[in-house]
Amino acid sequence: MSIGHRLAMSLFLATAVAGCGNIDTHFSHVRDTVLRAAGEKETKTLFQLSIGPGLLLLGGAIGRCASKEASMLLDIRSVQVGIYELQCSGRQTGLIPASVDRMLARRGYEPIVKVRDRGQQTLVLAQLRKDRLKSLFVISADGRELVLIEVRGRLERVLAQAVRQRGLPAKPAIIAASAAEGH
Amino acid sequence: MRYRNSWALLGAVLALAICPLRAQDDEEVRKHPGYVDFSSLPIPSEGEETVEVYLRAPLLRLVAKAASEDSALAGMLSKLLLIRVNTFSIDTAMALALQPKIAKIESELAKKAWEKVVRVKDRKGETAHVYLKLEDSKILGLLVMAVEPGGEAAFVNIVGEIDMQAIGKLGKKFAIPALEGVSTPKKSK
């Protein structure tokens with residue numbers, strides 16, 4: 001393999017994995033606050049993923065050729081997803097404490113939708129700056145699992161696509177809560 | 001450590017700079033003639049089913065841009081300051097407890113010259129009230145209060161300039177059934 005090929009391969013790998021790895025401290029603070037409030041002594045991670053700009057850029061660049069939707073990855077700066085085990089399935093309410101709202105409000109997030117449906121709780125928060133949607137944070141807990149999702153970037157185009165496909169912002173959360181009820 | 005402290009200090013300064021702006025925004029909405037204060041309502045913080053939607057002007061403007069294919073809906077969304085929805089499950093006792101609170105809100109609305117456009121009460125005890133705030137032939141606020149004993153209570157307040165032709169679409173798009181039946185107002189005395 002020539003030096004040029006090696007260099008290209010190294011550059012490709014560096015770009016692909018840049019930002020991938022552990023969730024950031026702010027995301028883990030939210031996780032720990034919810035888990036502590038639910039009485040969990042340790043974190044049992046079922047799934048955790050953090051994708052940084054490198055891989056998203058790569059995916060967007062490849063996807064741009066395939067479809068318009070995939071090219072929207074270029075607008076996303078980072079994605080963090082975490083699914084954690086909860087052992088309080090008998091508990092009906094108060095899974096997401098109010099301190100999480102306050103913690104995220106200090107970071108510029110404002111709650112837009114809160115749904116509580118027979119032991120399942122979902123909170124959707126948005127961070128806006130001027131006329132830009134900077135990030136979205138979704139927290140959902142049902143007594144068995146805690147799901148956290150944070151998407152950052154320039155999300156206007158993603159929002160536009162979501163509105164066209166699924167309706168306006170409140171609707172997906174309400175649909176999700178109704179779907180959970182069906183399980 | 002010194003750098004970490006500097007970042008923390010910078011973060012705190014930025015947070016302090018942003019918070020008064022948001023508080024100012026909220027104050028502006030509260031002073032708007034189309035705003036209705038729900039604080040007297042016994043909205044349960046914990047219950048079987050509750051849905052709270054709180055969409056402020058910046059997000060509504062973004063959604064307006066996103067919904068540009070429907071010009072009437074996008075036009076209306078861009079003029080709105082707030083969409084607030086509270087729905088929660090209620091039993092018969094709670095429905096009874098809600099009635100005096102609703103009556104109190106109604107008397108406040110009457111003092112502020114809100115127009116009652118719909119008032120329905122059926123044999124099962126289901127009630128629905130729709131009020132509009134009109135100024136210079138413009139609708140500046142909408143309030144829907146619907147109570148179904150043993151079912152659900154829904155309170156919807158839309159603040160800003162409202163196009164009644166587009167309000168049904170708004171209900172459909174935002175999954176707010178209480179709005180889907182609201183159409184062009186008929187004056188009632």
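**Reading burial, pairing and backbone angles**

Me: In helix 2 of chain B, I see that Ala57(B), Pro58(B), Leu59(B), Leu60(B), Leu62(B), Val63(B), Ala64(B) and Ala66(B) are buried. How do I read a list like that?

Reply: Keep in mind that this is a predicted model. The general idea first: in soluble globular proteins, nonpolar side chains tend to be buried together. As for the helix, eight of the 10 residues of helix 2 of chain B are buried, so the rest of the structure largely encloses it.

Me: Okay, and which residues have the most contacts inside the largest nonpolar core?

Reply: That core has 43 residues, and the ones with the most contacts inside it are Leu77(B), Leu80(B), Ile83(B), Ile158(B), Ile162(B) and Leu170(B). Your helix turns up here too: helix 2 of chain B, residues 57–66, supplies the largest share of the core, five residues. There's also a second, separate core of 22 residues, with Leu86(A), Tyr109(A), Leu123(A) and Leu125(A) among them.

Me: Let's switch to chain A. How many helices and strands does it have?

Reply: Chain A has seven helices and six strands. Going along the sequence, their order is α-α-β-α-α-β-α-β-β-β-β-α-α. To see how the chain folds back on itself, take its contacts between residues at least 6 apart in sequence: 63% of them join residues at least 24 apart. Of the 183 residues in chain A, 45% are buried.

Me: What about the outside of chain A?

Reply: Its accessible surface is about 9,500 Å², and 58% of that belongs to carbon and sulfur atoms. One spot to look at is a nonpolar surface patch made by Leu46(A), Phe47(A) and Leu49(A), which together have about 250 Å² of accessible area. Leu46(A) sits in strand 1 of chain A, residues 45–51. Its relative accessibility is 46%, so Leu46(A) counts as partly exposed.

Me: Now salt bridges. How should I go about reading those?

Reply: Side chains of opposite charge can pair when their charged atoms come close. This structure holds nine salt bridges over all chains. Take Asp24(A) and Arg152(A), whose side chains meet at 2.7 Å, N to O. They link distant parts of the chain, 128 residues apart: Asp24(A) is in the loop between helix 1 and helix 2 of chain A, while Arg152(A) is in strand 6. Asp24(A) is partly exposed at 25% relative accessibility, and Arg152(A) is buried at 17%.

Me: And what does a salt bridge within a helix look like?

Reply: Try Glu108(B) and Lys111(B), which pair at 3.6 Å, N to O. They're three residues apart in helix 4 of chain B, so about one helical turn separates them. Glu108(B) is partly exposed at 34% relative accessibility, and Lys111(B) is exposed at 65%. Back in chain A, bridges can also share partners: Asp24(A), Glu150(A) and Arg152(A) are joined into one network that way.

Me: Last one: what is phi at Asp136(B), and how do I read the sign?

Reply: Most residues other than glycine have a negative phi, and most peptide bonds are trans. Asp136(B) has a positive phi, near 50 degrees. Ser137(B) has a positive value as well, near 55 degrees. Asp136(B) is in the loop between strand 4 (127–135) and strand 5 (138–147) of chain B, and Ser137(B) is placed in the loop between strand 4 and strand 5. Asp136(B) is exposed at 74% relative accessibility, and Ser137(B) is exposed at 77%.

Conventions
Residues are numbered from 1 along each chain as its sequence is written. Chains are lettered from A and ligands numbered from 1 in the order in which they are written. This is a predicted model: local features need pLDDT of at least 70, side-chain atom pairs count only at pLDDT 80 or more; totals for chains, interfaces and linings use all residues. Side-chain values use heavy atoms; hydrogens and water are left out. A nonpolar core is a set of buried Ala, Val, Leu, Ile, Met, Phe, Trp, Tyr and Cys residues joined through side-chain atoms within 4.5 Å. Buried means under 20% relative accessible area, exposed over 50%, partly exposed in between (1.4 Å probe, protein chains only). Helices (H or I, at least four residues) and strands (E, at least two) are DSSP runs, numbered from the N terminus. Contact means heavy atoms within 4.5 Å. Accessible areas come from the Shrake-Rupley method with a 1.4 Å probe; for residues, only the protein chains shown count as cover. Patches are made of residues with over 30% relative accessible area and no salt bridge: like charges are joined within 9 Å, nonpolar side chains (Val, Leu, Ile, Met, Phe, Trp, Tyr) within 5 Å. A salt bridge is a side-chain nitrogen of Lys or Arg within 4 Å of a carboxyl oxygen of Asp or Glu.
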